[in-house]
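Thanks for coming, everyone. Let me put the structure up, and then I'll walk through it.

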Amino acid sequence: MVANLGYATLIITFLVSIYGVVAAYLGARRNSHALVDSARNAMLLTFPLLTISALAIIYLLINGHYEVQYVTEVTSNSMPLYLKITALWGGQAGSLLFWSWLMSAFASAVTLRKWDRDREFLPWVTLVSLVTLAFFLILSIFVENPFISFWHTPTGSITTAMFRPAGTSLFIPQDGNGLNPLLRHPGMIIHPPMLYLGFVAFVIPYAFAIAALVTGRTDARWIRLTRRWTIVAWVFLSLGLVLGMRWAYDVLGWGGYWGWDPVENSAFMPWLIGTAFLHSVIVQEKRGMLKQWNMVLIILTYDLVIFGTFLTRSGVLSSVHAFAQSAIGPLFFGFIGVTFITSMILVIYRWDDLKSDVEMTSWFSREALFLLNNLLFFGLFIVIFWGVIFPVLSEALGIVGQKIPSLSSIFTGQKVTVGPQWYEGIVWLPFAGLLLLMGIAPLSSWQYSTAKTIGRAMWKPSLASLLVVIGLVLVGFRSLPALLGFWLCSFVIFVTFYEFWRAAWARHHARNENLLLAFWFMIGKNRRRYGGYIIHLGMILMAIGILGIELFQEQTQGTIPQGGQIEIGQYTVKFDSLSVFDTADGRNVARAVVSVYKDGRYIGELHPRRDYYYESQQPMTIAGVRSTPEDDLYVLLVDWQPLSTSAATFKIYHNPLVWWLWFGSIVFILGSVVAAWPSKEPEMVMVSKSIPETSKA
Amino acid sequence: MRIKIILLSYLLTLVMGVTVVEIVSAQQPTPSDDQVNEIAKQLYCPVCENIPLDVCPTTACAQWRELIRQKLADGWNEQQIKDYFVLQYGDRVLGTPPPEGINWLVYLVPPIAILAGVYILFRAFRSWKRPIQSDNLQPNSSEAPQSTDPTQDEYINRLEEEVRKR
């Protein structure tokens with residue numbers, strides 16, 4: 001009954017979306033306000049409808065309606081209530097519906113804004129949002145239906161169908177399979193919603209971009225309108241990525257946070273292009289340049305978002321995250337192909353309108369450096385995209401070798417692994433370049449900068465950062481990559497603080513304000529700029545954490561008897577005891593107690609454990625971690641002697657500075673809040689366009 | 001007599017202690033876990049894709065690690081062991097594709113793409129860049145205003161200009 005209600009609502013939502021698409025199109029063509037308003041109302045209606053659908057699944061999940069296939073797949077009797085609710089996005093069918101629900105929430109929020117000034121955008125924004133929504137609804141209705149039930153056939157077998165096939169009766173299993181243990185972690189509970197929020201929010205700037213292309217209003221208006229949406233999308237996507245990293249660090253038990261897995265990469269790619277977009281739109285706003293490029297970037301971001309959703313939820317590029325396999329691949333690729341080609345045709349159609357108003361005048365101008373930033377982000381994207389698709393490509397190209405025997409030694413068709421070593425061997429260079437730009441670009445001016453003007457602005461922070469390097473060398477650092485990395489980090493930190501200081505000081509002098517007050521007002525005056533600088537600082541702190549763990553991680557493994565100890569760096573880990581017991585939620589837990597000593601001094605106890613889930617027959621390794629700004633001690637219980645529990649194998653990682661990775665992410669969220677905070681005088685921004693730029697041009 | 005018993009018990013304890021120590025040290029495998037992991041880190045089992053062998057918790061992977069230990073104990077070197085696994089399970093067990101045949105593409109495409117990007121950007125810059133009319137531009141170093149702190153002045157100019165632009 002509830003399943004039928006949920007499914008019927010999905011179908012109605014789909015029909016409403018299709019109606020909205022048609023009404024929006026006709027409304028725009030015939031210039032009919034009534035039709036456009038009707039399309040907008042259709043958009044607004046999808047949200048309550050999808051809420052009913054989502055609530056229907058949640059109801060089924062909470063109440064253990066195991067006759068529904070999805071409920072059996074992702075829940076079990078022993079699971080606590082909060083996990084049953086969050087199981088909504090624990091499997092493929094549920095997460096697709098969840099995606100649609102978030103999408104309709106965002107699109108509805110957009111349609112609720114005041115449209116008086118930009119009414120011509122409204123039908124097209126509605127149309128693009130509804131087309132995207134309709135596509136995901138097609139997937140939910142026809143391919144990945146979360147409401148399908150089990151049926152008992154007269155022959156005794158079990159079949160699945162939405163409605164009762166003739167001669168069958170409903171089959172209700174006593175218990176479900178339970179949620180994949182890897183997903184039962186707080187990080188994993190918030191990680192997918194954050195990532196999805198980031199994904200769906202990027203649909204909004206894309207919808208405005210398409211609206212701008214169709215209507216021919218190719219000035220920076222669409223960018224100004226979506227400025228805050230873009231930042232919000234970016235923050236959520238970043239947060240989703242960081243939470244995923246934290247989850248991997250806590251749950252996957254490999255001592256790291258990023259494995260260059262195709263699924264991680266698929267969320268990282270839209271982030272890279274989205275970040276490039278976030279920077280290059282500033283150039284369009286300030287200088288009226290890069291209009292064509294911005295269009296390409298947002299189209300690419302949108303299609304990478306769809307690609308990312310697809311990769312996470314299909315088994316095409318199988319990886320640790322690819323829990324589900326399904327036949328939705330061709331549909332996804334078809335949709336990506338159609339939207340990409342259509343959007344690019346629109347860009348080409350408007351190519352001349354999108355030409356820059358002005359030209360680049362100086363190699364070191366801020367716009368030139370932003371363009372360089374875009375090149376590096378785009379380069380990173382190309383590298384990662386290539387790494388993700390190459391294994392599939394090399395396997396698929398094996399067919400050439402089969403058809404043409406003389407080429408069989410080249411096109412072997414062997415599946416290969418493109419692992420972290422490959423990525424890390426390449427990406428460090430563009431990342432180092434980005435760090436350098438983060439230091440130089442804030443010191444450059446729009447339109448005109450020379451090596452001389454930049455040099456004059458940067459000698460003080462450069463000198464300070466060199467002193468840091470000298471200090472590091474004196475302390476005993478000899479690793480060249482580390483010195484380069486820490487030099488870049490300290491350079492950016494000094495430049496950023498210097499920028500804050502100079503502006504606050506200038507204001508303090510000019511207006512006779514108290515320095516702190518001047519600092520506060522200065523940030524308030526240009527939130528995006530200073531929010532951006534705070535985000536840069538957050539990124540630098542994260543970079544420090546990454547440098548620490550990547551360059552200085554130590555690890556050791558050993559089997560020790562009770563009372564025995566393993567040493568790593570300054571630390572000694574002593575094996576005290578091990579207990580094995582069953583828990584009420586269906587786990588067999590082996591939990592070790594180890595004492596940790598630093599330089600011979602007792603500093604505490606850690607409890608690495610191994611959880612074995614009976615339902616899914618999956619083990620999970622939970623590390624015992626002691627985290628400080630200086631370093632993390634990360635202890636894994638690898639193995640133990642089952643009967644006596646008197647000896648056990650531990651793997652121990654020493655991860656210097658990784659704490660800063662998590663701390664930096666808090667700083668960048670703070671910066672994003674500053675950057676996205678609603679401005680008090682939004683109208684001023686629009687008026688300023690009419691003021692001629694006389695100062696330097 | 002009593003002394004004898006004490007001595008005997010001491011001796012026994014000592015012998016037993018040695019035996020225990022021997023058992024404990026006999027349990028320590030000849031090639032250490034760290035040596036095994038050093039090689040396992042570079043390998044991937046075909047089942048648990050994208051999880052390096054040194055950290056994979058499955059039984060199958062534990063057996064593979066034991067195999068590496070065995071081979072090390074037999075005197076095989078790192079390359080021989082890797083070759084052995086490639087022979088058994090194909091190229092996919094290696095963390096990076098072996099540079100042969102079409103796999104060259106995986107190493108060549110990224111640098112070529114980035115260099116192409118640099119070239120395109122360079123060309124675009126050249127075509128965009130207009131000759132600068134020096135009299136139009138303010139920060140002309142030879143005519144810099146003689147003030148106490150030139151950077152400060154330039155900065156205030158910039159600040160004012162940006163406020164104007166908004």
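I'll go through domains, then strands, then salt bridges. One caveat before anything else: this is a predicted model.

Start with how the chains divide. Chain A has domain 1 at 1–148, domain 2 at 381–551 plus 663–694, and domain 3 at 553–659. Note that domain 2 of chain A comes in two segments. Chain B is split into domain 1, residues 30–95, and domain 2, residues 99–129. In chain B, the C-alpha centres of domain 1 and domain 2 are 36 Å apart.

Now the contact between domain 2 and domain 3 of chain A. Their C-alpha centres lie 36 Å apart. How many residues of each are in contact? Seven from domain 2 of chain A, six from domain 3 of chain A. The buried area between them is about 570 Å², and carbon and sulfur atoms give 66% of that. Three residues stand out on the domain 2 side: Gly548(A), Ile549(A) and Phe663(A). Together they supply 71% of what domain 2 of chain A buries against domain 3 of chain A, more than any other three residues.

What about polar terms? Between domain 2 and domain 3 of chain A, the salt bridge count is zero. There are three residue pairs in polar contact, counting pairs with both residues at pLDDT 80 or more. Which element gives the largest share of the domain 2 side? Helix H19 of chain A, residues 527–552, with five residues.

On to the sheets. Strands of a sheet pair through backbone hydrogen bonds, either parallel or antiparallel.

The four-strand sheet in chain A is open, with the order S4-S13-S12-S11 and antiparallel pairing. Its edges are strand S4, 554–561, and strand S11, 624–627, each of which pairs on one side only. From one strand to the next, the twist averages 15°. Look at S4(A) with strand S13 of chain A, residues 647–656: eight bridges join them, antiparallel. One marker for your viewer: Thr559(A) sits opposite Thr649(A) in S13(A).

Chain B comes in here too. Helix H2 of chain B, residues 33–40, lies across S4 and S13 of chain A. Against S4(A), helix H2 of chain B runs at about 135°.

Next, a run of hairpins in chain A. Strand S5, residues 565–568, and strand S6, residues 571–582, are antiparallel and joined by four bridges. Ile566(A) has Val573(A) in S6(A) as its bridge partner. The S5(A)–S6(A) hairpin has two residues between the strands, and Gly569(A) in the turn has a positive phi of about 55°.

Move along to S6(A) and strand S7 of chain A, residues 587–598. This antiparallel pair has eleven bridges. Lys574(A) is partnered with Ser595(A) in S7(A). Here the hairpin has four residues between the strands, and Gly586(A) takes a positive phi near 85°.

Then S7(A) pairs with strand S8 of chain A, residues 601–606, antiparallel over five bridges. Ser595(A) turns up again, standing opposite Glu605(A) in S8(A). So far the positive phi values I gave were for Gly569(A) and Gly586(A). Which residue has a positive phi in the hairpin of S7(A) and S8(A)? Asp599(A), near 50°, with two residues between the strands.

There is also a three-strand sheet in chain A. The order is S2-S1-S3, open, with antiparallel pairing. Why is one side of S2 and of S3 left without a neighbour in the sheet? Strand S2, 158–161, and strand S3, 169–170, of chain A stand at the edges, and each has a single partner strand, so one side of each stays free of a neighbour. Strand S1 of chain A, residues 149–152, pairs with S3(A) over two antiparallel bridges. His152(A) has Ser169(A) in S3(A) as its bridge partner.

Last topic, charges. Side chains of opposite charge can pair when their charged atoms come close. Over all chains, the structure holds 22 salt bridges. One of interest is Arg217(A) with Glu120(A), at 2.6 Å, N to O. The two residues are 97 apart in the chain. Arg217(A) is in the loop between helix H8, 203–215, and helix H9, 221–252, of chain A. Glu120(A) is in the loop between helix H5, 92–111, and helix H6, 122–143, of chain A.

That's my tour. Questions, please.

How values were computed:
Residues are numbered from 1 along each chain as its sequence is written. Chains are lettered from A and ligands numbered from 1 in the order in which they are written. This is a predicted model: local features need pLDDT of at least 70, side-chain atom pairs count only at pLDDT 80 or more; totals for chains, interfaces and linings use all residues. Side-chain values use heavy atoms; hydrogens and water are left out. Two strands pair if DSSP finds at least two bridges between them. Axes are lines fitted to C-alpha atoms, for helices over the stretch in contact, and angles run from 0 to 180 degrees between N-to-C directions. Contact means heavy atoms within 4.5 Å. Domain bounds come from an automatic or database domain assignment. Buried area is the accessible area (1.4 Å probe) that two parts lose on being put together, summed over both. A salt bridge is a side-chain nitrogen of Lys or Arg within 4 Å of a carboxyl oxygen of Asp or Glu. A polar contact is a pair of N or O atoms within 3.5 Å; within protein, one must be able to donate a hydrogen and the other to accept it, and residues adjacent in sequence count only if both atoms are side-chain atoms.
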